[in-house]
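I opened the model to look up one helix and a few charged pairs. My notes are below.

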Amino acid sequence: MEKILNFINGKHLEPVSQSYIPDHCPMNGEVYAHIPDSDERDVEMAVNAALDAFRIWKKYPAEKRAACLFNLASLIEKNAEEFARAETIDNGKPITLSRSVDIPRGSANFRFYAHALLQMHTEAYPMDDVALNYVLRQPVGVAGCISPWNLPLYLFSWKVAPALAAGCTVVAKPSELTPMTAYMLSRYIAEAGFPDGVFNIVHGLGAKAGNAIVSHPKIPAISFTGGTVTGKHISSVAAPMFKKLSLELGGKNPNIIFADCDFDAMMKTTLLSSFSNQGQICLCGSRIYVEESIYEKFKQEFVARTKELILGNPLDEKTRIGAVVSQAHKNKILGYIELAKKEGGTILCGGHEARLEGPLKNGYYVMPTIIEGLSHTCRTNQEEIFGPVVTIQPFRTEEEVLEMANSTMYGLSSTLWTNNLKRAHRMASELEAGIVWVNGWLIRDLRTPFGGMKASGIGREGGLQAIEFFTEEKNVCIKL
Ligand code: NDP
């Protein structure tokens with residue numbers, strides 16, 4: 001059985017407490033690894049190492065810093081299959097998804113920020129012969145990076161890569177539910193050339209190790225991706241300490257389908273935006289609004305094609321629906337399906353867990369579920385379920401669907417299907433969301449700002465914004 005270790009100051013270490021937490025494999029429910037139950041003592045060691053290393057790292061020439069990031073990207077690519085299998089076993093996602101999305105996007109993050117740091121520049125403001133202002137952009141110090149379980153390596157790398165590129169040193173904590181690929185990454189950090197103490201990984205529980213990072217007085221910036229309730233708690237701790245905060249939180253995203261769309265392309269992508277990663281992507285479109293004139297046609301085909309999705313062993317290449325991440329999460333999803341029934345919803349397909357045969361019989365599987373007949377204001381349509389569960393609802397007018405789409409506390413992403421260009425622009429401008437996809441979904445250009453409005457978060461990741469978050473600007477004014 002694998003024993004995961006912390007990575008502090010260039011060394012793999014046991015937690016000070018010597019206690020470990022079981023890591024369950026969602027495919028079969030078995031404990032297959034143990035992870036450190038780290039506490040504030042481990043975080044303290046990591047912060048001290050990161051503070052020491054910061055003196056060196058912030059002065060590292062940009063090319064040398066970039067080389068470390070490039071090397072790490074290459075090491076992920078070289079070992080991509082091993083990372084993909086590990087991600088699937090740890091998280092339950094289909095292996096095809098780990099191979100095509102999680103791992104390539106993980107390495108792409110390191111590569112992108114290696115390139116980006118070489119392009120950084122700052123402004124100068126000459127005041128004729130009075131003075132010259134120039135702006136220094138300097139790393140904030142030790143960055144705290146906390147990431148969730150749904151896209152483990154991908155979202156972990158999306159935080160640590162810009163932090164390291166900015167010249168910060170890092171204390172990072174992956175989710176306790178999916179620590180494996182971050183642990184594997186820690187084995188390559190020294191080989192990639194990072195000096196000891198620059199990149200530290202502490203494993204453990206959010207409420208213990210995570211909280212110790214958030215409340216540590218020597219960590220001036222926290223980049224967090226996770227649930228809105230946790231984000232609120234983190235803000236309440238970090239804001240009074242005047243820390244910089246980047247929060248990427250939950251979503252309840254609308255998928256709006258007009259009758260004039262390309263029906264086949266829409267259907268193919270809507271199956272993905274509904275059920276990819278068992279619906280456990282913050283960008284999944286869980287509220288599907290369909291223009292009345294094509295509602296029945298949409299419903300019949302969507303239900304039929306959902307029933308064809310193969311649920312099964314995540315390591316099998318044919319599998320499209322794998323396991324959800326944990327027993328507790330499975331129970332939460334099933335609880336929401338019961339709530340939907342109580343709220344008057346009709347289950348069109350799924351609506352229950354799935355039991356596989358043989359060695360996978362204790363895995364955490366939920367059938368992809370489509371529900372209709374609910375109002376847009378009910379809890380099922382307002383709260384994030386984060387599972388393979390979508391609702392469908394007809395609409396008549398743009399105004400009506402806009403009101404429904406904008407009715408939740410969230411504002412992460414929206415998907416819009418129409419071939420009417422003017423309508424696409426009109427709707428995109430009115431939708432309350434940080435990202436609007438028109439006739440597509442999950443298309444990513446790393447230069448673009450990524451993040452949510454309202455309760456979906458504060459700040460933007462991606463692009464240069466992510467590097468800038470980990471820096472402070474300082475204006476130097478020289479009187480001439
Ligand atoms: P959580 O909020 O439960 O946890 C996220 C991370 O925070 C984990 O590492 C967790 O550790 C840690 N954590 C938990 N409590 C604390 C605390 N008190 N102090 C510090 N750290 C803490 O989210 P999930 O892991 O359940 O992830 C799913 C959520 O993430 C969904 O709501 C989803 O929408 C959101 N998400 C948002 C994205 C975005 O970009 N906006 C992208 C992907 C997901 P532990 O696991 O040990 O509890």
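These entries cover a helix first and salt bridges after.

**Ground rules.** I am working on a predicted model, where local features need pLDDT of at least 70, side-chain atom pairs count only at pLDDT 80 or more, and totals for chains, interfaces and linings use all residues. Residues are numbered from 1 along each chain as its sequence is written, and side-chain values use heavy atoms, without hydrogens and water.

**Helix H10.** I looked up H10, residues 295-308. Helices are DSSP runs of H or I with at least four residues, strands are E runs of at least two, and both are numbered from the N terminus. I listed the buried residues of H10 (buried: under 20% relative accessible area; exposed: over 50%; partly exposed: in between; 1.4 Å probe, protein chains only). They are Tyr295, Phe298, Lys299, Phe302, Val303 and Thr306. They sit on the same side of H10 because they cover an arc of only 120° around the axis, taken from the directions from the helix axis to the C-beta atoms. The face turned away from that side carries exposed Gln300, Lys307 and Glu308.

**Salt bridges.** I searched the whole structure and found 24 salt bridges. The criterion is a side-chain nitrogen of Lys or Arg within 4 Å of a carboxyl oxygen of Asp or Glu. Aspartate 260 and arginine 423 form one at 2.8 Å, N to O. This pair joins distant parts of the chain, 163 residues apart: aspartate 260 lies in the loop between E13 and H9, arginine 423 in helix H14. Arginine 423 is buried at 13% relative accessible area, while aspartate 260 is partly exposed at 27%. I also noted a salt-bridge network linking Asp260, Glu398, Arg423 and Arg426.

Note on methods
Expected span 1.5 Å × (residues − 1).
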